[in-house]
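Okay, thanks everyone for coming. I'd like to walk you through one structure today, mostly helix packing and the sheet, so let me put it on the screen.

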Amino acid sequence: MQRTRPILLGIVGDSAAGKTTISAGIEKILGPDRVTNLCSDDYHKYNRVQRKEKNISALHPDCNYIDIMQHNFYQLRRGEAILKPVYNHHTGDFDPPVYIEPKEFVIVEGLLGFYTKKMRDAFDVKIYLDPDEELRVDWKFKRDTIKRGYTREEVQASLDRRTEISSNFIRPQRRYADIVCNFYRPDGAEEETGTNLNTNLILRPTIHHPDFAEFIDHRPSDKEKCLTLTLGRDEGLPVDILHITGTIKPVTAETLMDIIIDHLDKTDDLTTEGVGCYTEGQEEKVSYPLGITQLLTCFHLMNAKMNP
């Protein structure tokens, strides 16, 4: 029996971990007419000036309306519209709230989405983005200087201020995710920040994962070099780990993505076009590990919808 309520996906990770990039691709795959996308970082209690006066970080739970955020998650889960606050990163202040109606799928991305058990229970699928720290810092410098107009000194100061808060409140949420996504640089590629990054997907048995052997067995003869599935342990518990190399050949990656698409229900109008796209400066590029991650997430969302 198919569910009629919206299916909720939670994406949590530290600042500049790639949350918006992941969610944008998922929305592109499923179609904007089927997806409501919102950021939970808009629920700040204080604007930038007030935070400075109170000496409190925007990452701290006490600086956010956790109760309202949590309540809104369940309103969306029930199919109810919400009035969501809007925080403007350019001005450091609040814009007027926006009226949001949940569609078939709701993606909630942010820093504190899994902070309470009740918040976590609102989601059908939970993903934590955990790129290697040096890589995340490079992403943050690029994003905040190019898109948000900060100087490198300001970004470094922000990183320094947030280290302890992030360790205490953001990173502990990793243990609650169904999938942990770890992007990392291959050996000898210390400057790589995008297309050729490798990815490990840590798959916990908290949700039903597809039979990846079914996908992997369709790969060409060099499949072991680009896509492998192994057993491992994470947070002390057994997990499957899907490893995708950034050097996966386009024909291999595109064939794999087509296979995943074929395994999704009601996918006649779905396409892999634009999947895995990201922006570096003013240039649009493609990461196949990113695209495969986005497609596998769609698999889980469709599975949640079709299996109450």
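So, helix α1 and helix α10, residues 288–306: their axes come within 9 Å and cross at roughly 60°. That makes α1 oblique to α10. On handedness, α1 passes α10 in a right-handed crossing. And before I go on, keep in mind that this is a predicted model.

Who meets whom there? On the α1 side you have T21, I22, G25, I26, I29 and L30, and across from them in α10 sit L290, T293, Q294, L295, T297, C298, L301 and M302. Sort the residues of that contact by class and you get nine nonpolar, five polar and no charged.

Let me pick one residue out of that list, L301, which lies in helix α10. Buried or exposed, what would you say for L301? It's buried: the relative accessible area is 1%, and the cut-off for buried is under 20%, so L301 qualifies. Which residues does L301 touch, if we leave aside its neighbours within four places in sequence? The contacts are I7, L9, I26, L30, F105 and V125. For those of you who like distances, L301 and E133 are 168 residues apart in sequence and 28 Å apart in space, C-alpha to C-alpha.

α10 has another helix partner in α9, residues 250–263. The axes of α9 and α10 come within 10 Å and cross at roughly 10°. The cut-off for roughly parallel is under 35 degrees, and α9 and α10 are therefore roughly parallel to each other. From α9, the residues involved are P250, A253, E254, L256, M257, I260, I261 and H263, and they meet Y288, G291, I292, L295, L296 and F299 in α10. The class count for this contact is 11 nonpolar, two polar and one charged.

Now a third helix pair, α5 and α6. Helix α5 covers residues 133–146, helix α6 covers 152–170, and they pack at an angle of about 135° with their axes 9 Å apart. α5 and α6 are therefore oblique to each other, and α5 passes α6 in a right-handed crossing. The α5 residues are R136, V137, K140, F141, D144 and T145, and they meet R152, V155, Q156, S158, L159 and R162 in α6. Here the split is four nonpolar, three polar and five charged.

Okay, on to the sheet. Eight strands form an open sheet with mixed pairing, and the order is β2-β5-β1-β6-β7-β8-β10-β9. Why is one side of β2 and one side of β9 left without a neighbour in the sheet? Because β2 (35–39) and β9 (227–234) stand at the edges, each with a single partner strand. Neighbouring strands are turned by 20° against each other on average, direction ignored.

Some of the pairings, then. Strand β1, residues 7–13, runs parallel to strand β6, residues 125–129, and five bridges join them. In that pair, G10 stands opposite K126. Our helix from the start comes back here: α1, residues 19–30, packs on the sheet and touches β1, β2, β5 (105–110) and β6. The direction of α1 makes about 170° with that of β5.

Over towards β9, the pairing is antiparallel. Strand β8, residues 198–203, is joined to strand β10, residues 237–244, by five bridges, and T199 has I244 as its bridge partner in β10. β9 and β10 pair over eight bridges, also antiparallel, with T230 opposite I241. β9 and β10 form a hairpin with two residues between them.

Last thing, for the backbone people. Most residues other than glycine have a negative phi. What sort of phi does A16 have? A positive one, about 65°, although A16 is not a glycine. A16 lies in the loop between β1 and α1 and is buried, with a relative accessible area of 8%. E235, in the hairpin turn, has a positive phi of about 55°, and E235 is not a glycine either. At 47% relative accessibility, though, E235 counts as partly exposed.

That's what I've got. Shall we go to questions?

Note on methods
Residues numbered from 1 in each chain as written. Predicted model: local features only at pLDDT ≥ 70, side-chain atom pairs only at ≥ 80, totals over all residues. Heavy atoms only, no water. Pairing = 2+ DSSP bridges. Helix = DSSP H or I, 4+ residues; strand = E, 2+ residues; numbered from the N terminus. Axes fitted to C-alpha atoms, helices over the stretch in contact; angles between N-to-C directions. Contact = heavy atoms within 4.5 Å. Parallel < 35°, antiparallel > 145°, perpendicular 65-115°, else oblique. Left-handed = near helix turned anticlockwise from the far one by under 90°. Nonpolar A, V, L, I, M, F, W, Y, C, P; charged D, E, K, R; others polar. Buried < 20%, exposed > 50% of the residue type's maximum accessible area, 1.4 Å probe, protein only.
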